[in-house]
Amino acid sequence: MSGTNQDTVSLEKIVSLCKRRGFVYPTAEIYGGLNGVYDFGPIGTILKNNIKKIWLKNIQSFEEEVILLDGSILGPQNVWKASGHTEHFSDQMVDCQNCKKRFRVDEIKLEKPCPSCGIKKWTEARQFQLMFETNVGAVSDKSSIAYLRPETAQSIFINFKNVLSSTRVKIPFGIAQIGKAFRNEVTPKQFLFRIREFEQMELEFFCKEKNSDKYFEEWIQRRKNFYLKIGLNPKKIKFREHEKDELAHYSKRCMDIEYNFPFGFKELEGIAYRTNYDLIQHSKISGKDLSVFDPNTNESFIPHVIESSSGVERIFLTLLFDSYNEDIIEGEQRISLKLNPKLAPINAAILPLTKKLSEQTIKIYTNLKNKNFKVQFDESGSIGKRYRRQDEIGTPVCFTYDFDSLKDQKVTARNRDTLEQKRISIDQLENYLTDLLDK
Ligand code: GAP
């Protein structure tokens, strides 16, 4: 559901809204924060969970089976040696010797002065390892080194054989996972866009090599439909296939789905044809056979993989930008998030017109809460102010209990987007919300 005032949205406005309304807080803010790391507040936590739920439902809605995995965050060195991350997963960076700021070489022009202090005094370019390293156990030496995973995908590849033998799934099938990933990004930036601790939603889809092109195209379409379904403005989405020289070390083809942020078109998700690179690599380094036997052809083969990889926080940020709206209501500026009701953190607000009506209103609130709707009760401040608070967190409807409600057992339902107000019987509220969330 795209906003109408797209040109008015800026990163600063989104950051401020997130803090004000409990979407996102800087981590350890009372200690000065930690660069590139964020905490999610009460409203942000629900939005994040809604994104994960809708992704999972979507990824499992197709004819081929998609099963789940929840792998560990810590992994031994060999996993990352095999996957190629130890060798390839790094950025070239330079430091400004004057102001000490660090930049990625691909993001600045080295022939020009430092964009921060205006002096041209660069260090030599150096490789910067993006994986976070730690030591596991009491002894801290080379043998105890472990890494925090920089992508969730490898948990899937190293468990491939376990999953096959414990579930009896047949190729083609997918293994999906939602979990934390960590990257020591040289330059975390644009709020949640590039951070150091984030959640990925990844699907590794295993198929025969001869079907890989077909499934690559298929998953591009499926993922495109997903973004349209959750309500992103189609005019702001575009596809960009990677040039040969920008492909990650493991992929043969990669299609980025990009979104037009105020800071330009940027990657929202990558769909990659990873070939059978990862399984072959893990087979080589671990010495374990990771092939699949096909009883129809009597042949063993190592499956090829199509991957869909997206970041929860990146979709979160995209939804905020895409749904942000400003308008003037009764001479006052209003900010609203025109979120798809399925994603909106709060389904409905239940408001007494005055505190004198709180007792009756709380009963409605408790009833809906016990029916598993995400509802909020709010009795403080003018009704206008309470509407504004709900608009800012994207609540699609507010139910107001007034003095007429005492007589007709109806409340006024006020729509976030149209501002239309209509009377609804209290005993119909459950149906009303079910319909709203089903659309
Ligand atoms: N397994 C493939 C992979 O990890 P990627 O393009 O590096 O590919 C996939 O990452 C997605 O993860 C990105 O499209 C983005 O949504 C998210 N992502 C990656 N790095 C991120 C970061 N530093 N902060 C937030 N999200 C990130």
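Start at Glu307: in this predicted model, an N or O atom of its side chain is 3.0 Å from a nitrogen atom of the ligand. Glu151 makes a similar kind of approach, with a polar side-chain atom lying 2.5 Å from a ligand nitrogen. Ile195 joins in through its backbone instead, where an N or O atom lies 2.8 Å from a nitrogen atom of the ligand. As for cover, the ligand on its own has 550 Å² of accessible area, and the protein covers 91% of that.

Now step back to the whole shell. It holds 20 residues, and the closest are Glu151, Glu185, Ile195, Glu202 and Glu267. Sorted by type, the shell has ten charged residues, along with five polar and five nonpolar ones.

Where do at least two residues of the shell come from a single strand? Strands E11 (197-207), E14 (264-275) and E17 (304-311) each supply that many. Of the elements that contribute, E14 gives the most, with five residues.

Let's leave the ligand and look at the protein surface. Here Leu353, Phe403 and Leu406 make a nonpolar patch of about 250 Å². Leu406 sits in helix H12, which runs over residues 403-408. Is Leu406 buried, partly exposed or exposed? Its relative accessibility is 42%, so Leu406 counts as partly exposed; the partly exposed class lies between under 20% for buried and over 50% for exposed. That value also fits its place in the patch, because patch residues need over 30% relative accessible area.

Technical notes
Residues are numbered from 1 along each chain as its sequence is written. This is a predicted model: local features need pLDDT of at least 70, side-chain atom pairs count only at pLDDT 80 or more; totals for chains, interfaces and linings use all residues. Side-chain values use heavy atoms; hydrogens and water are left out. A residue is near a molecule or strand if one of its heavy atoms lies within 4 Å of it. A polar contact is a pair of N or O atoms within 3.5 Å; within protein, one must be able to donate a hydrogen and the other to accept it, and residues adjacent in sequence count only if both atoms are side-chain atoms. Accessible areas come from the Shrake-Rupley method with a 1.4 Å probe; for residues, only the protein chains shown count as cover. Helices (H or I, at least four residues) and strands (E, at least two) are DSSP runs, numbered from the N terminus. Ala, Val, Leu, Ile, Met, Phe, Trp, Tyr, Cys and Pro count as nonpolar, Asp, Glu, Lys and Arg as charged, and the others, Gly among them, as polar. Patches are made of residues with over 30% relative accessible area and no salt bridge: like charges are joined within 9 Å, nonpolar side chains (Val, Leu, Ile, Met, Phe, Trp, Tyr) within 5 Å. A salt bridge is a side-chain nitrogen of Lys or Arg within 4 Å of a carboxyl oxygen of Asp or Glu. Buried means under 20% relative accessible area, exposed over 50%, partly exposed in between (1.4 Å probe, protein chains only).
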